[in-house]
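Please open the structure in your viewer and keep the selection tool to hand. The tour below moves from the whole chain to single residues, with a suggestion at each stop of what to select next.

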Amino acid sequence: MANPSILILAGDGIGPEVMAEVKKIISWYGDKRGLVFDVSEDLVGGAAYDVHGKPLADETMARAQEVDAVLLGAVGGPKYDNLDFSVKPERGLLRLRKEMDLFSNLRPAQCFDALADFSSLKKDVVAGLDIMIVRELTSGVYFGMPRGIFEENGERVGINTQRYTESEIERVARSAFELAKRRGNKVCSMEKANVMESGILWREVVQRVHDEEYPEVELSHMYADNGAMQLVRWPKQFDVIVTDNLFGDILSDCAAMLTGSLGMLPSASLGAPMENGRPKAMYEPVHGSAPDIAGQGKANPIACILSFAMALRYSFDQGDEATRLEKAIEKVLADGVRTADLMGPEGGTPVSTVEMGAKIIEALDASL
Ligand code: NAI
Ligand code: MG
């Protein structure tokens with residue numbers, strides 16, 4: 001059988017810097033664990049615009065559709081700020097998400113003990129936290145029609161429409177239940193069924209998918225505003241949270257920040273299963289291209305490396321190897337190794353992007 005395939009799109013700014021460390025880790029898995037990937041690389045964002053005059057070439061898009069997983073760095077930067085909207089770097093990213101139909105966006109909020117002091121919440125509220133927010137990514141109020149700003153009775157009215165079909169809710173619910181089976185076996189679905197019809201349908205369909213297909217998973221429902229409160233009050237009560245595009249946008253940012261730095265946050269976007277049973281998938285750090293520190297070797301590569309760990313788990317069925325990588329990162333942090341973004345007010349000497357990558361490889365070696 002062919003090796004599993006990965007397309008690397010490092011992008012702009014710190015994207016290529018953090019991706020360079022991921023590439024070393026991919027090679028480590030080939031050399032030390034016999035997990036050989038067929039890796040190809042291409043351009044996205046400003047880097048693609050510089051060569052093709054658009055932020056994603058058609059050939060790159062076609063390749064993304066074929067591979068088992070896309071790993072993306074970051075796109076954008078001041079050099080491209082004045083480009084026409086249609087060729088802005090972010091459009092490359094949006095095209096990938098849209099054409100691959102990546103409807104299920106996974107954002108973990110995971111707190112490494114060594115960084116628990118970094119949270120704005122009390123240490124015992126976040127230490128050991130490990131939850132996953134599943135946000136529906138391709139429908140809902142960001143896409144529903146009608147939308148626009150219209151004239152009505154002599155004044156303007158702004159309109160967006162929250163709209164979900166049963167099949168859209170079903171597929172993201174399945175994605176959440178499948179995840180829960182590999183984790184803590186618990187799903188909490190969040191909507192506003194008290195005031196929104198789309199929320200009533202959401203609750204009903206999630207419950208039906210549960211009863212018919214995943215009765216063994218524990219399911220609860222919560223109004224999204226209460227969910228926001230509970231996330232801050234006692235986040236460890238959750239395992240998997242599934243919610244719509246708008247609430248997911250807000251709740252995932254809120255949950256992610258429980259754990260500290262932007263340089264630590266990975267994400268996955270999954271679509272429908274391909275012929276080989278793997279979901280269409282793109283993995284990327286939550287952060288952007290960080291032009292303020294690009295080219296200086298200061299970027300924290302951990303968000304991008306954790307995104308690869310998610311790929312191991314969700315695309316390649318290598319949950320144990322994903323855990324090995326996460327544990328290696330935990331060890332390095334516990335040893336006090338810090339990039340600049342992880343330095344507290346007490347100061348100290350930060351390590352560079354490359355040094356952080358090397359320390360993680362050392363910890364991987366030590367895990368054998
Ligand atoms: P940003 O995430 O690039 O940076 C925000 C702040 O966090 C900066 O001070 C940056 O230095 C720091 N930071 C981010 N990642 C870091 C890391 N790995 N290690 C250490 N520090 C890190 O967001 P910003 O500044 O709003 O946007 C910069 C550019 O990135 C813009 O062109 C924006 O459009 C683009 N962007 C791209 C995204 C993507 O590719 N998914 C997401 C967000 C922004
Ligand atoms: Mg957001």
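The stops that follow take in the domains, the sheet, the helices lying across it, the ligand and two single residues.

**The two domains**

Bear in mind throughout that this is a predicted model. Begin by colouring residues 1-105 together with 262-368 as domain 1, and residues 130-257 as domain 2. The C-alpha centres of these two domains lie 26 Å apart. Where they meet, eleven residues of domain 1 are in contact with eleven residues of domain 2. On the domain 1 side of this meeting, strand 4 (104-110) and strand 11 (266-273) are the elements that give two or more residues, and the residues of that side divide into five nonpolar, four polar and two charged.

**The sheet**

Next, show the strands alone and follow the open sheet of ten strands, which has mixed pairing and runs in the order 2-1-3-12-11-4-5-10-8-9. Its edges are strand 2 (38-42) and strand 9 (218-223), each of which pairs on one side only. Between neighbouring strands of this sheet the average turn is 20°, with direction ignored.

**Strand 4 and its partners**

Now select strand 4, where seven of the seven residues are buried. Ser104, Leu106, Pro108 and Gln110 point one way from the strand, whereas Asn105, Arg107 and Ala109 point the other way. In a regular strand the side chains alternate between the two faces of the sheet. Which strands should be shown beside strand 4? One is strand 5 (residues 130-136), which pairs with strand 4 in the antiparallel sense over seven bridges, with Ile131 of strand 5 as the bridge partner of Ala109. Another is strand 11, joined to strand 4 by three bridges and also running antiparallel to it; here Leu270 of strand 11 stands opposite Ser104.

**A parallel pair**

Move on to strand 8 (residues 186-191) and strand 10 (residues 240-243), which run parallel and are joined by four bridges. To find the pairing on screen, select Ser189 and then Val242 of strand 10, which stands opposite.

**Helices across the strands**

Add helix 1 (residues 15-33), which lies across strand 1 (5-11), strand 2, strand 3 (69-74) and strand 12 (279-285), and runs at about 145° to strand 3. Then add helix 8 (residues 224-233), which lies across strand 8, strand 9 and strand 10 and makes an angle of about 105° with strand 9.

**Around ligand 1**

Centre the view on ligand 1 and show the 22 residues around it, of which Gly76, Gly263, His287, Gly288 and Asn300 come nearest. By class, this shell holds eleven nonpolar, seven polar and four charged residues.

**Two single residues**

Select Met145, which lies in strand 6 (residues 144-152). Is Met145 buried or exposed? Met145 counts as exposed because 9 other C-beta atoms lie within 10 Å, and the cut-off for exposed is 12 or fewer. If you draw a distance from its C-alpha atom to that of Gln162, 17 residues apart along the chain, the separation is 8.2 Å.

Finish at Ser352, in the loop between helix 11 (319-334) and helix 12 (353-366). Ser352 has 16 C-beta neighbours inside 10 Å and therefore counts as partly exposed. Leaving aside residues up to four places away in sequence, Ser352 touches Gly297 and Lys298. As a last distance, join the C-alpha atoms of Ser352 and Val209, which are 143 residues apart along the chain and separated by 47 Å.

How values were computed: Residues numbered from 1 in each chain as written. Chains lettered and ligands numbered in written order. Predicted model: local features only at pLDDT ≥ 70, side-chain atom pairs only at ≥ 80, totals over all residues. Domains from an automatic or database assignment. Contact = placed C-beta atoms within 7 Å. Nonpolar A, V, L, I, M, F, W, Y, C, P; charged D, E, K, R; others polar. Buried ≥ 20, exposed ≤ 12 C-beta atoms within 10 Å, placed from the backbone. Near = placed C-beta within 6 Å. Pairing = 2+ DSSP bridges. Axes fitted to C-alpha atoms, helices over the stretch in contact; angles between N-to-C directions.
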